[in-house]
Amino acid sequence: MTAKDIITLPDERLRTKSRRIGAVSAEAQAIAEGMIEATLEWEAGREHEFGAALAAVQVGLLERIIVVRHDFDNKADKSFGVFINPEIVKTDGELEEDLEGCLSVKDIYGSVKRYTKVKIKAINLEGKPVRLTATGFLARVFQHEIDHTNGIVFVDRVNDPHNLYRLEADGKFSPLPPPEAAKAIASRGETH
Ligand code: ZN
């Protein structure tokens, strides 16, 4: 897969729930590898952005598979964890508002409230159950990606158009002009 396989809004698939994977197969492994390739290629073309994670729906496959970067602070580390049928079993900590972007929402960032701590359950590529507790930015990433598997995009969680920003060519954020922000909010899914 390549960066061109990454779908963007208003593609309806991004508002569709993904299927659970019954048994982990070589196909799931191939999908995960393709998703990692696409994310890294997407990042290589963007000086000011980081490919932190991806959900299979973002390459048009409605399967509950997400890939999450191991190191969010180091572009040179190109390794990812793969989580199949990921779900949040418990949220904890505070709700914290921070800026979030998405490979499927071109150049728009938004301030989104997320829990600072979440407990996750998933299966790995060997088909074994995994459980982990994520905090901080990792917790945010899991909430964002698990939202994708449920057909929710981060802009669906932005209620105030003033909380949307555009990433400019120089890497700085500027407020999204009101008509564009209103359009982004109006295109929200049914979830909220
Ligand atoms: Zn996303």
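## Worked exercises on a predicted chain

At 25% relative accessibility, Asp-107 counts as partly exposed, which is the class between buried (under 20% relative accessible area) and exposed (over 50%), for a 1.4 Å probe and protein chains only. The model is predicted, so that local features need pLDDT of at least 70 and side-chain atom pairs count only at pLDDT 80 or more, while totals for chains, interfaces and linings use all residues. Residues are numbered from 1 along each chain as its sequence is written, and side-chain values use heavy atoms, with hydrogens and water left out.

**Exercise 1. Describe the chain as a whole, beginning with how many helices and strands there are.**

Step one is to count the elements: the chain has three helices and seven strands, where helices (H or I, at least four residues) and strands (E, at least two) are DSSP runs numbered from the N terminus. Step two is to read these elements along the sequence, which gives the pattern α-β-β-β-β-β-α-β-β-α.

Step three concerns compactness: the radius of gyration is 16 Å, close to the 16 Å from the globule rule for 192 residues, so the chain is as compact as a globular protein of that length. That radius is taken over C-alpha atoms, and the rule is 2.2 Å times the number of residues to the power 0.38. The C-alpha atoms fill a box of roughly 45 × 35 × 30 Å along the principal axes, and 45% of the 192 residues count as buried.

**Exercise 2. Which residues coordinate the zinc ion, and which elements do they tie together?**

Begin with the donors, meaning N, O and S atoms within 2.8 Å of the metal (3.2 Å for Na, K and Ca), with water not among the atoms, so that sites may look incomplete. The zinc ion is coordinated at 2.1 to 2.3 Å by Cys-102 through SG and by His-144 and His-148, each through NE2.

Next, place these donor residues in the sequence, where their spacing is C-x41-H-x3-H. Cys-102 belongs to strand E3 and His-148 to helix H2, so this pair ties together parts that are 46 residues apart in sequence. Finally, look at accessibility: Cys-102 counts as buried at 7%, and His-148 is buried at 0%.

**Exercise 3. Show how strand E2 is covered and how E2 is joined to other strands.**

Take burial as the starting point: five of the five residues of E2 are buried. In a regular strand the side chains alternate between the two faces of the sheet. In E2, Ile-65, Val-67 and Arg-69 point one way, whereas Ile-66 and Val-68 point the other way.

Then turn to pairing, which requires at least two DSSP bridges between two strands. E1 and E2 run antiparallel and are joined by three bridges, one partnership being that of Ala-53 with Val-68. E2 and E3 also run antiparallel, joined by five bridges, and here Val-67 has Val-82 as its partner.

**Exercise 4. Find the residues with the most contacts inside the largest nonpolar core, and the element that gives the most to this core.**

A nonpolar core is a set of buried Ala, Val, Leu, Ile, Met, Phe, Trp, Tyr and Cys residues joined through side-chain atoms within 4.5 Å. The largest one has 32 residues, and those with the most contacts inside it are Val-68, Val-105, Phe-142, Phe-154 and Leu-164. At least two residues come from each of E1, E2, E3, E4, H2 and H3, and E4 gives the most, with six.

For a closer look at one member, set aside neighbours within four places in sequence: Val-68 is then in contact (heavy atoms within 4.5 Å) with residues including Ala-52, Phe-80, Leu-138 and Phe-142.

**Exercise 5. Where are the two residues with a positive phi that are not glycine, Asn-85 and Asp-107?**

Asn-85, with a phi of about 50°, is found in strand E3 and is buried, its relative accessible area being 6%. Asp-107, with a phi near 65°, has its place in strand E4.
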